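Biologist: Could you pick one part of this model, take a close look at it and then work outwards from there? I'm still new to this, so plain words please.

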Amino acid sequence: MRFFLRFFPCVLALFLFHEMPAAGQAAQPATTEGDFVAKNVQFRSGESLPEPRLHYTTLGKPARNAQGRVTNAVLILHGTGGTGHQFLTPVFAGELFGPGQLLDASRYYIILPDGIGHGKSSKPSDGLHAHFPQYDYDDMVAAHHLLLTEGLGVNHLRLVMGTSMGCMHSFVWGETYPDFMDALMPLACLPVQIAGRNRMWRKMVMDAIRNDPEWKGGEYSAEPQEALRTALDLLLIAGSAPLYMQKTLATRDTADKYLDDYFKTRLEGLDANDLLYHVNASRNYDPSPQLEKIAAPMMYINSADDFINPPELGIAEREIKKVKNGRFLLLPITDETRGHGTHTRAVVWKRYLAELLEKSAH
């Protein structure tokens with residue numbers, strides 16, 4: 001079995017472990033891709049973009065009731081550095097989107113956006129470099145809302161689900177647009193300001209980029225290799241799953257080979273400005289003061305082997321009490337968990353998604 005890193009969460013859309021489909025697993029439904037070009041979008045920093053591009057992938061078709069309200073739309077939000085395509089893997093789509101599965105694409109309208117700064121949406125590496133607006137999570141969620149309402153004509157969501165950074169976006173969605181969704185499922189994050197070790201490793205990533213002389217204030221002609229190498233070191237540790245890695249990289253030689261292959265794979269195509277913006281977008285995230293605004297039923301899940309959101313902090317258990325219809329679950333460490341990347345391994349938690357869908361059905 002080999003690993004496939006999908007960039008982090010909360011920062012890191014992190015580790016997705018690439019696995020073969022299980023026997024009998026449904027084939028992936030057809031997808032549609034497109035771009036919505038918004039007009040004169042203002043960011044909280046005071047900066048603006050005249051025509052930001054918001055890329056998306058969809059499965060299925062929207063259904064409306066007699067009042068014109070969309071009843072079957074599901075928004076799934078990726079992690080830091082990821083894209084909507086990260087959910088089109090056997091361990092996620094193969095468990096959820098097929099015929100008869102929980103989010104059967106013949107019944108649901110599944111929307112997988114690329115967040116601002118990510119994937120095929122507008123981002124610093126398109127040409128503005130370090131002059132790209134300094135977006136934050138509120139800006140990213142506002143862009144999601146704009147894409148849905150003006151780009152796709154979606155006026156209501158059956159479910160908002162997010163992993164890592166997308167988990168944090170789910171909390172922002174619930175507070176900012178409390179009547180827009182029927183249910184929320186955040187996976188792998190904490191609903192508080194990013195502080196402690198979580199903030200420190202993020203700042204290390206940003207400092208490594210900004211302090212590399214080859215970064216040149218964002219106007220480099222070649223990628224600053226030392227900065228990116230340091231950043232990837234930190235991302236690897238943050239996304240690691242100790243039990244799984246010990247079992248699959250059980251000798252010194254296999255561990256060393258994995259590390260060599262990891263850098264060869266990840267350095268190619270990685271852009272320092274994009275990465276810096278990815279990590280910096282979390283700088284003012286803090287939904288904790290307004291958690292009481294969340295109205296929709298919430299099933300909130302973390303994994304006990306998550307380096308980024310360690311269970312000993314007790315934060316999730318404390319904060320979920322502020323969410324009137326919220327429930328928190330901590331998944332124990334097993335052979336099926338993958339550290340922070342458990343968020344994308346649907347077989348581990350999909351029974352709780354079934355409970356949420358049943359509870360929030362109208």
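**A serine and its surroundings**

Modeller: Sure, let's begin with serine 303. Leaving out residues up to four places away in sequence, serine 303 touches Leu330, Leu331, Thr337, Gly339 and Thr342. Keep in mind that this is a predicted model. Serine 303 sits in strand E11, which runs over residues 298-303. Is serine 303 buried or exposed? Its relative accessible area is 4%, and buried means under 20%, so serine 303 counts as buried. Its side chain also has a polar partner: a contact of 2.5 Å joins it to the side chain of aspartate 305.

Now for some empty space. Rolling a probe the size of a water molecule over the atoms shows where empty space is left. In this structure that gives 6 cavities of 30 Å³ or more. Serine 303 helps to line the second largest cavity, together with Leu187, Ala188, Ile301, Asn302, Leu331, Gly339, His340, Thr342, His343 and Trp349. Compare that with the list of residues serine 303 touches: Leu331, Gly339 and Thr342 turn up in both. The volume of this second largest cavity is about 50 Å³. Strand E11 gives the largest share of its lining, with 3 residues. Sorted by class, the lining has 5 nonpolar residues, 6 polar ones and no charged ones.

What about the largest cavity? Its volume is about 60 Å³. Its lining is made of Leu190, Asn302, Asn309, Pro310, Pro311, Leu313, Gly314, Ile315, Ala316, Glu317, Phe328 and Leu330. The elements that give two or more residues to this lining are helix H9 (315-319) and strand E12 (326-331). H9 gives the largest share, 3 residues. By class, the lining holds 8 nonpolar, 3 polar and 1 charged residues. Asn302 is a nice link here, as it appears in the linings of the largest and the second largest cavity. Leu330 is another link, since it lines the largest cavity and touches serine 303.

Strand E11 also leads us to helix H3. The buried residues of H3 pack against E11, and against strand E7 (73-77), helix H2 (137-151), strand E9 (159-163), strand E10 and helix H4 (196-210). How much of H3 is buried? It is 11 of its 12 residues, so H3 is largely enclosed by the rest of the structure. Those buried residues are Met165, Gly166, Cys167, Met168, His169, Ser170, Phe171, Val172, Trp173, Gly174 and Glu175. H3 reaches 16 Å from its first C-alpha to its last, close to the 16 Å expected at 1.5 Å a residue.

What lies at the two ends of H3? Serine 164 is in the loop between E9 and H3. Serine 164 is buried, with a relative accessible area of 0%. Its backbone deserves a second look: most residues other than glycine have a negative phi. Serine 164 is not a glycine, yet its phi is positive, about 60 degrees.

On the other side, aspartate 182 lies in the loop between H3 (165-176) and E10 (184-187). Aspartate 182 counts as buried because its relative accessibility is 11%, and the cut-off for buried is under 20%. Apart from neighbours within four places in sequence, aspartate 182 is in contact with His156, Leu157, Arg158, Ala296, Pro297, Ser360 and His362. One of these, histidine 156, also makes a side-chain to side-chain polar contact with aspartate 182, at 2.7 Å.

Last, a short trip to another loop. Lysine 216 lies between H4 and H5. Like serine 164, lysine 216 has a positive phi without being a glycine: about 55 degrees for lysine 216 and about 60 degrees for serine 164. As for burial, lysine 216 has 49% relative accessibility and counts as partly exposed. Beyond this loop comes helix H5 (residues 225-238), where 14 residues at 1.5 Å each should span 20 Å, and the end C-alpha atoms are indeed 20 Å apart. The buried residues of H5 are Ala227, Leu228, Ala231, Leu232, Leu234, Leu235, Leu236 and Ala238.

How values were computed: Residues numbered from 1 in each chain as written. Predicted model: local features only at pLDDT ≥ 70, side-chain atom pairs only at ≥ 80, totals over all residues. Heavy atoms only, no water. 1 Å grid on protein atoms, 1.4 Å probe; cavity = no way out; pocket = protein on both sides within 12 Å on 5 of 7 lines; lining within 4 Å. Points joined across faces, edges and corners; volume = space filled by probe spheres on them. Helix = DSSP H or I, 4+ residues; strand = E, 2+ residues; numbered from the N terminus. Nonpolar A, V, L, I, M, F, W, Y, C, P; charged D, E, K, R; others polar. Expected span 1.5 Å × (residues − 1). Buried < 20%, exposed > 50% of the residue type's maximum accessible area, 1.4 Å probe, protein only. Contact = heavy atoms within 4.5 Å. Polar contact = N/O pair within 3.5 Å; in protein donor to acceptor, adjacent residues only side chain to side chain.
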